[in-house]
Every structure is written in structure tokens, then in C-alpha cells.
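Student: I should like a close look at one part of this structure, namely its open sheet. Please describe how that part is arranged, and then set it in the context of the salt bridges and the nonpolar cores.

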Amino acid sequence: MIMDPMDVLRSNLSRVRIPEPTNRIYKQECCLTFDTPRSEGGLFIDMYTFLAFGKDCVGWNYEKTGDPVYLHIKQTKKIVPEDRPSKKPTLLAIGIDGGFDNNEDEYEETHSIVLLPDYIALPFPSVELPEKVRLAADAILLAEGAERKQQVAAWTADEKKVSAFATNLRQIDNGVIIPPTGWKCAKCEKTDNLWLNLTDGSILCGRKNWDGTGGNNHAVEHYKETGYPLAVKLGTITADLEGADVFSYPEDDSVLDPLLAQHLAFFGIDFSSLQKTEMTTAERELDQNTNFDWNRIQESGQDVEPIYGPGYTGLVNLGNSCYIAATMQVVFSTQSFAARYYVNQSLKNAFEVAPADPTVDLNMQLTKLAHGLLSGKYSFPALENDRNANAATSTPTKQEGIPPRMFKAVIAASHPEFSSMRQQDALEFFLHFIDQVERVNAGKSELEPARSFKFGVEDRILCSSGKVAYNRRHDYILSLNIPLHEAINKEELEASNKLKAEKLAEGKEVSGDDIVRPRVPLESCLASFSAPEEINDFYSTALKGKTTAVKTAGLTSFPDYLVLHMRKFVMGAGWVPKKLDVYIDVPDIIDISHMRSKGHQPGEELLPDGVPGEEDSSQPMANEEIVSQLASMGFNYLHCQKAAINTSNVGVEEAMNWLLSHMDDADIDNPISKGQNSATVSSVDQSKVDTLLSFGFQEEIARKALKASGGDIEKATDWIFSNPDASVSSMDATSSDTPSAPNDAGLPDGGGRYRLMGIISHIGTSTQCGHYVAHILKDGRWVIFNDNKVGASINPPKEMGYLYFFERLNS
């Protein structure tokens, strides 16, 4: 006997819940795929767990949970009138309620209640449905989706505050009347990004951006000279005065001016007839996050042919998420990750072993991302409609790409910085990602894809006694200094610098096309890694005292994929980070066979094991040069010795910082005793350690860096970047036979010849701003992956990489 659908529904009311405000409700995207309500089969919301599933996956959920009742949401494209009014944005976001209108197509949404396993559909809304089902469905539809909630929370702009200077703003009656058009900066030729000072009516250009765009800082300079506090951006004033961009210099923020109408009228401005011609600061900020137009790395101006299909799926920028997009495109172009999460693992298998909530399972979300990127299911030209025409007139354009929201939420759960919408360092993200993958696959070595990047490094330390020690560690990246003195175009550089000096002397500007950059061969960077390095104040267990040693480094194994990190970001004068403007000559094929460590050689005598003995460590050694320089400044000699010891004899500046911050220590005048050096490790300010931990550094390294930098966080960060091989025991090396030496068993190994297969390039002055783009060698040709834009690369910027990925050539 066939049961009536309503009876089936009533018999399953225990499998329906009315969501509470605290429940996370997914209704924008399938938890296992990138299907949405706009996909052909729509989206099914489990009315018990509030998880969303596409048509292909909802049956798996029924098999796993037995939940039979689903709210089905289907969206179909609507034809939109051409004269649709644009909405005023209230949020710093695109394409979400209250955000900037980006002329997206509008969709009509239909709903029904679907009963599995027979996919019986009941119309919704309908008074015939049980009240519990009606209430639950209404609550699901009214609730903000979990995906959208995350996005809005991260993008919500701070509400503008009313300026403290607006109410009593002084305006000078100097006869200035502002014309409705034809504005120009009073101090230069700029005709855009102009600001009207509301006190004296001056029209001056805005701030200069880091990339040279914007203005010439004349409006800011005028404020510094006069103290006149408020300015409004010309071109943003319309009949809707709230949308005008008003800036308060003393408050250093965009503000509201409730008296703006009368402040403008003072200078003869009738705002009711003005049209908007300029972006506000918020819009420009958003625009810089979504529309990049840097030429070389993005191959702008080139007619890049779009590519579609398996392995050519773009990733939607979630707002400064290009570091994730670039990294994951390269990672999933490796055989190890493609095999682990795509070829050898189906979506259904991953879901079957996932916990109750698959959105928080890294294995599930990596499988989802892999299938999204590699299957080709979502890689096709998006149709760009004539706004009010039929689909028949649509033309194919760039692909929409897939949004890696759930993956980002999972991978960032243990890292507060990656959870934010701020730009991040692609290197830090890659290392964090590899660490998380290694953890989740612990104990399953045959499934561990991160191992394909892992290799052994061995430091050989030659003591002045003639004896040696070996330190071993494992790593995933080879971090390389860039020896600028090895540039191969020195004559060209000298000529360029001479020309630049002449032009500046004549008051002429130097154009970007005239700049010649140092060109350093990759071989020189690799050689600098292996080059001998002097270690001062090395404690020798043979000599039972401090001495000078020489360190050389080599690899104990060669990984399947070799990642080279170019140290382009260095600390400049005044501890300001700067980026080296340099080209690296990178060949397509490299051979690092000569970098293999030879290990302990016959006839070499190892330094004896052990730590400083009772008689050696009772009086730690301070670098006399540092002590005498500090003492010459008038500091107490004993205090100077302690400062040098407690900063590991790094340098005068570090010792002075330690001294200044420890002058009031209760034990500052106590004699130097055994263990003085190690005691300070525990006395490092824990809040500063926590700050460095939030940057993604390990605790022991953070403590050592703070100790070596006198507790200064900026200098500690620089110390870590300058000492990437640092470990707590690196100052006192022992023989390689110690049990703590990592075991290379299970690491991939092979020949030293590699082919370049991926480049992550960075545009911008620091890793915390700018944009990342990936270029990947696929199917014999280079392809550019610029967020959701995927196309054939005409001229890959091999000389401008930040991270280079090499794949081992099988001998």
C-alpha cells in the first residue's frame, strides 16, 4: 500500500527541528561539493542537522543519517529591467546585502519540502503542511546562512562616527566659490582624488599610495600647515549627502559631518545637482582588494586565452584570500595531493568517514576542494547576459570559479591571522597548511601527501679544535638569501643609477620603464645556502669554552617537490620592512646533486657529547667588545656583561635594549652565576611570546628570538627571519649520533635534477599587502591562475617569483 506523502511527513516529525538562533544553518553551498541553489539540482537542507547537500550528495546523507526531510531551494535567473536603481552600500563588501551593487544577475527562488529516499516533493509554503515543518522551514529561510554570516562578519566596515570637529567647524569667508566642474589641485596638475578643505575651500590632492597611484599628499600637507581638520572628497558629493567621503585629519578616519549641507553651501556648492564621479575611500579600498591591475605578474595587457576543464578551475577571492588561491592551485597540481584527495578518494568515501559535521573536517574539505579544482565540473565559461535580454544572446566570458569558504574556515581554525580578511604571507600559509595536513594524516604514512615536500638538512660545524659536530633537522622549504653582489648586470646597473642621479639633479622624474633591477642567478642563491658561515661564541665541548666555528649546510635527502623561498623581504633602516626589487634568473631545469650532505667522514673526530660542565658554566662568557661599547656609554660593567650574556652576544643594540628593560630587576646587581643564560628563557614576557605565537612561530623559537632581541617584538620577528635555521640547541651542537637527531627513514629521496613546475609571485611592498598570483606548468604549457581567472600564460614572470616549486625529474 502506497502511503500518502503527508502521512510519511507526519510520521517523520521527530526528524525535523526548528532551528535555534545559535544553530549554524548552511543554505548557500553544499557541504561536500560546490553546488549552490543555482546549480541544476538546487540545494537540499537537512531539516534536522541544517547541513546543505547538492543533488548528487543528498542521498549519501540519507544513507548515513537516516534523515528523510529536506527543504529544497532552487534559484532560477530572472530578467532584470535595465533601469533598476542602484542601492547605496552600507558594508565594505561586494555582492552581499548592504554591500556594493556589482550588477549581479537576480534570481527567483522556489522552495519545496522533499522526502527521501523517494524524492517526494511537497509544495512550500502550504497550509496543509504540519505546523512544525512550516515553522522550521520559515526559520531556515529567514536565518542568515552560516556561510554568509562568516563573510559579513569579516567584511563589515566600522560604522562611521560623527566628527568631533563638525559642529563648531570654523569656515573662513575668503570669497572662494567652488565651480561645479573643472577642479584641479592648487599645488600640482592632479585632476582626480581631490579633497575640498571645509575651512578655507582649498582644493588639494590626496595621499600617495604605496604603488605610486593616488595623489601627491598636498591635502595632508595643508592640514599639517594650517590645522584645518575636515575635507570632503570632490566627486563623491551627490544629493545623498551621507554617501560623501568626509575625512577628519586629527581623528585620522572617515567621518560623518551632520552639517555638511551648510558647510558646502558656504562655498556655493549646490549638492542636489552633483553626480558621483569618484570612488569613496571605502570603495577604493574594496576595489584594491578585488581589481588588481599590475602588469608583469598578471600579464595585463596581454590577450590571455581563457582555459577551462579539469585542473583549470579558478578560486573566487573571498577578500584578500589570493594567498590561499595561489598556494592551493600549486599544491593540487602535484601528483601527491591530487592522488590523495582526488584520484584515490571519492567525495562519498570522505563523507562516510567524516564526523557528524563535515564542514569542520579537514579531510572532507580538502577532498571537496580537490574535486572542485580537478574534476572540471565547475570550470566553464560563465554566461554574461544582456541585462534584459534572453539567454540566447548571452556571450561566454571568464569562469565564475569556486569559493573556498569552508576550506578556509577549517584550515584557519587553529590560526587567528588566517581566519581574518587581512592579507597574509603565502609562505607562512603553505607551512601552516603542510603542518595541518601532516597532523591529520599522522600514522598513515602511505597516505601522507605532505611528505612529498619534506627533506632532511644537515649542518656540519667545524670547531677550531679541528673536531666536528653534525646537526640534523627536517624542513619543507629551502629559504634562500639573495646575494645582490652576485648580480650579473652590474655595468647596466651602474649606468642606470648614474642616469637616475642625473635626472633627479635636473628635477626630472624617473619613469618605471627606466629602472634597471639587479639580476641574480638562482645558482648564486643556492650556493649561498651551502656557503661556509662563521659562528662566533660557539661553545666547544672539546675546548670546554667559547670559540669560533664554521658551519656548512647540505641536504640529507632530496624531496619529490622542492620549494625554494626567496628572501625578498628584509629589514631596512629603522626596522622598516622593505622588499628587494630584484630579478632572479631561474632556469627551467636545475641540478642540486652537489648540495647533498656527505655526513660523518672517515677520519673526522666528533666533538664529545655533553653540555658545559660545572667548572665551565659557572661563569658564562660575555663578548668583551659588546661589554666595552656599552660600558663606554656609562653603563655599569656588571650590567653590561649580563646584557651581552642574556642576548646571546648578538650585538650592542640588542644588549642595550635588554639593559634598558631590565635596569630595575631586583637581581640586576647579583653576581653572574651558573645558569645565568638559561634562566632568562623562562623570564621572557609571556604576552610577547603569545604575540609571536599568533604570527605562527613555534614557542621555543619565539622565546629564543625575544631573548636575543632584548624583548623587542619587531626585532625578534626580524631575528627569526634572519635565522630560519634557528633551533634552541643550535648554539651548542653535538654529534649526529644523538638520539634526538631526526630520522630520514620514510622521506622521499632520489636524484637532484628538478624541473620548474610552479611559481607564486607577489605584487606589493610587504607580505601583508598586495596580491599573489600563481603560474603553473600544466600539460606542457604555462598557465596563469589569478584567483578565478585561468588562462594560457604568454610570458610567465619566472624572474619575479617569491616561492618556486620544482618537481624531481626521474632519472
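Tutor: In this predicted model, an open sheet is formed by 5 strands, which follow one another in the order 2-1-3-4-5 with antiparallel pairing. The edge positions are taken by strand 2 (52-54) and strand 5 (120-124). Each of these has a single partner strand, so one side of each is left without a neighbour in the sheet. From one strand to the next, the twist averages 35°.

One edge can be followed at the level of residues. Strand 5 pairs with strand 4 (residues 107-115) in the antiparallel sense, over 5 bridges. Within that pairing, Ile113 has Leu122 of strand 5 as its bridge partner.

The other edge leads on to the salt bridges, of which the structure holds 25. Asp56 forms one of them with Lys377, and the closest N and O atoms of this pair are 3.5 Å apart. Asp56 belongs to the loop between strand 2 and helix 2 (58-65), whereas Lys377 belongs to the loop between helix 12 and strand 12 (382-384). The pair thereby links distant parts of the chain, 321 residues apart. Lys377 has a relative accessible area of 37%, so this residue counts as partly exposed.

Helix 2 itself supplies a further link. Glu63 forms a salt bridge with Lys348, with the closest N and O atoms 3.4 Å apart. Because Glu63 lies in helix 2 and Lys348 in helix 11 (residues 347-353), the pair ties together parts that are 285 residues apart in sequence. The two partners can also be placed by accessibility: Glu63 is exposed, with a relative accessible area of 57%, while Lys348 is partly exposed at 26%.

A salt bridge within one helix offers another case. The side chains of Arg439 and Asp435 meet at 2.9 Å, N to O. These residues are 4 residues apart in helix 15, so about one helical turn separates them. Arg439 is exposed, with 58% relative accessibility, and Asp435 is partly exposed, with 28%. Salt bridges also form a network that links Glu29, Lys368 and Arg405.

The nonpolar cores complete the picture. The largest of them has 54 residues, and those with the most contacts inside it are Met328, Phe407 and Phe433. Helix 9 (residues 322-331) contributes the largest share of this core, 8 residues. A second, separate core has 40 residues, including Leu9, Cys30, Phe50 and Ala146.

Phe407 shows how residues from several places in the sequence come together. Apart from its neighbours within four places in sequence, Phe407 is in contact with Ile324, Met328, Leu362, Gln365, Leu366, Leu369, Phe429 and Phe433.

Finally, helix 10 (residues 335-343) has buried residues: Ser336, Phe337, Ala338, Arg340 and Tyr341. Among the elements that cover them are helix 9, helix 12 (362-374), helix 15 (426-440) and strand 20 (561-566). Helix 9 thus appears both in the cover of helix 10 and as the source of the largest share of the largest nonpolar core. Helix 15 likewise belongs to that cover and holds the pair Arg439 and Asp435.

Methods. Residues numbered from 1 in each chain as written. Predicted model: local features only at pLDDT ≥ 70, side-chain atom pairs only at ≥ 80, totals over all residues. Heavy atoms only, no water. Core = buried A, V, L, I, M, F, W, Y, C linked by side-chain atoms within 4.5 Å. Buried < 20%, exposed > 50% of the residue type's maximum accessible area, 1.4 Å probe, protein only. Helix = DSSP H or I, 4+ residues; strand = E, 2+ residues; numbered from the N terminus. Contact = heavy atoms within 4.5 Å. Pairing = 2+ DSSP bridges. Axes fitted to C-alpha atoms, helices over the stretch in contact; angles between N-to-C directions. Salt bridge = Lys/Arg side-chain N within 4 Å of Asp/Glu carboxyl O.
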